[in-house]
Amino acid sequence: MAFCRRMFLGFSFGMTAFVSAGFPAFSAESIHCTVIIEEASGDALYRKGSCAEAFFPMSTFKIPLAMMGYDAGILQDESSPRWDYSAEFDRPKREQKATDPTFWEKESIVWYSQEITRRLGERRFADYVQRFGYGNRDVSGNPGKKDGLTQSWLMSSLKISPDEQVAFLRRFLSGGLPVSEHASAMTLAIVPHFAAGDGWDIQGKTGSGFMRDKAGKADRSRPLGWFVGWATKGDRRVVFARLNVSDRPSDQPLSIPTRESLIAEFPGIAARF
């Protein structure tokens, strides 16, 4: 059976766990998932852990957002446009610098993402998310704040499961998304590369954040970390997603160990398929 069909069943199950405030009511236990599928067929190659529940995409959303930006003509190539930082963005010191598309993806510059969505506008942004079939497609933002244009993917209304992440990326890689060839080529060009063992080249994007408590506030004792993307060896390409949700605070973004562990383990996992 095609793996993508099972993903949608898992999504239906995972999206039932919502509380009245609009945030998912997850248990306090740690959550781990690694899922890898064959790009050509969509068949499951490796699946371990809880992969059907939906979570905030955080900076993994920079991959579909790059497609939108290039397709809409807001982004031009790997180095254009280069936008200057403005104090009104109120971002941490590491983000307070001029940024281009390649630097944006590599360093996860939040304000650059928000400038892209502002230029897209609410209607066009929501239309892309709908046509992409991305996660739960909810870009309404935080309840009552009308901030979906700049916050929906950041611990807010938009959620996606690991199973859906790989299904979405497979559609992108196989040319199944409604974007131009230029948008696809430029997105491929700016997603960071990582060398893995045994000849595998990995391209992917991290994402870090926190779960929400019952009051809807960020729970810093429950960090969340993603690493999603694809790995290539010769003429073979596979698509992966790894998610970790911890039950204890971390002194670094959880996406970093999530990424590094996947890169280190990938050759051993790949040896099984």
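Student: What makes helix α2 count as mostly covered?

Tutor: In this predicted model, nine of the 10 residues of α2 (residues 62–71) are buried. The cut-off for buried is under 20% relative accessible area, so each of those nine falls below that value.

Student: Which residues of α2 are the buried ones?

Tutor: Start with Lys 62, Ile 63, Pro 64, Leu 65 and Ala 66, then add Met 67, Met 68, Gly 69 and Tyr 70. Past the end of the helix comes Gly 73, with a positive phi near 85 degrees.

Student: Why is the packing of α2 on α5 called oblique?

Tutor: The axes of α2 and α5 (residues 122–132) cross at roughly 120 degrees and come within 11 Å. Roughly perpendicular covers 65 to 115 degrees, and roughly antiparallel needs over 145. An angle of roughly 120 degrees fits neither class, so α2 is oblique to α5. As for handedness, the crossing of α2 and α5 is right-handed.

Student: Which residues make the contact between α2 and α5?

Tutor: From α2 you have Pro 64, Met 67, Met 68 and Asp 71, and from α5 Phe 125, Tyr 128, Val 129 and Phe 132.

Student: How do the residues of that contact divide into nonpolar, polar and charged?

Tutor: Seven are nonpolar, none is polar and one is charged. Asp counts as charged, while Met, Pro, Phe, Tyr and Val count as nonpolar, so Asp 71 is the charged one here.

Student: Let's move to the loop after α2. Where does Asp 90 lie?

Tutor: Asp 90 is in the loop between α2 and α3 (101–107).

Student: Is Asp 90 buried or exposed, and how do you know?

Tutor: The relative accessible area of Asp 90 is 66%. Exposed means over 50%, so Asp 90 is exposed. From Asp 90 to Trp 111 you count 21 residues along the sequence, and their C-alpha atoms are 8.7 Å apart in space.

Student: Now the strands. In what order do the six strands form the open sheet?

Tutor: The order is β2-β1-β6-β5-β4-β3, with antiparallel pairing.

Student: What makes β2 and β3 the edge strands?

Tutor: Each of them, β2 (44–49) and β3 (193–195), pairs on one side only. On average, neighbouring strands of this sheet are turned by 20 degrees against each other, with direction ignored.

Student: How do you know that β1 and β2 pair?

Tutor: Two strands pair if there are at least two bridges between them. Five bridges join β1 (residues 31–38) to β2, so the cut-off is met, and the two run antiparallel. Val 35 stands opposite Arg 47 in β2, and Ile 37 faces Ala 44 there. The two strands form a hairpin with five residues between them, and Gly 42 in the turn has a positive phi of about 85 degrees.

Student: Gly 49 is in β2 too. Why is Gly 49 called partly exposed?

Tutor: Its relative accessibility is 49%. Exposed needs over 50% and buried needs under 20%, so Gly 49 lands in between and counts as partly exposed. Leaving out residues up to four places away in sequence, Gly 49 touches His 32 and Cys 33. The C-alpha atoms of Gly 49 and Arg 242 are 9.7 Å apart, with 193 residues separating the two along the chain.

Student: How many bridges join β4 to β5?

Tutor: There are 12 between β4 (residues 201–212) and β5 (residues 218–233), and the two run antiparallel. Pairing takes at least two bridges, so β4 and β5 qualify. Asp 201, for one, is opposite Thr 232 in β5. Five residues lie between the strands of this hairpin, and Gly 216 in the turn has a positive phi of about 90 degrees.

Student: How many bridges join β5 to β6?

Tutor: β5 and β6 (residues 236–245) share 10 bridges and run antiparallel. Trp 230 has Val 239 as its bridge partner in β6. This hairpin has two residues between its strands, with Gly 234 in the turn at a positive phi of about 65 degrees.

Student: Which strands does α9 lie across?

Tutor: Helix α9 (residues 255–270) lies across β1, β2, β3, β4, β5 and β6, and runs at about 35 degrees to β5.

Student: And the whole chain: how many helices and strands are there?

Tutor: Nine helices and six strands. Of the chain's 273 residues, 54% count as buried.

Notes
Residues numbered from 1 in each chain as written. Predicted model: local features only at pLDDT ≥ 70, side-chain atom pairs only at ≥ 80, totals over all residues. Heavy atoms only, no water. Buried < 20%, exposed > 50% of the residue type's maximum accessible area, 1.4 Å probe, protein only. Helix = DSSP H or I, 4+ residues; strand = E, 2+ residues; numbered from the N terminus. Axes fitted to C-alpha atoms, helices over the stretch in contact; angles between N-to-C directions. Contact = heavy atoms within 4.5 Å. Parallel < 35°, antiparallel > 145°, perpendicular 65-115°, else oblique. Left-handed = near helix turned anticlockwise from the far one by under 90°.
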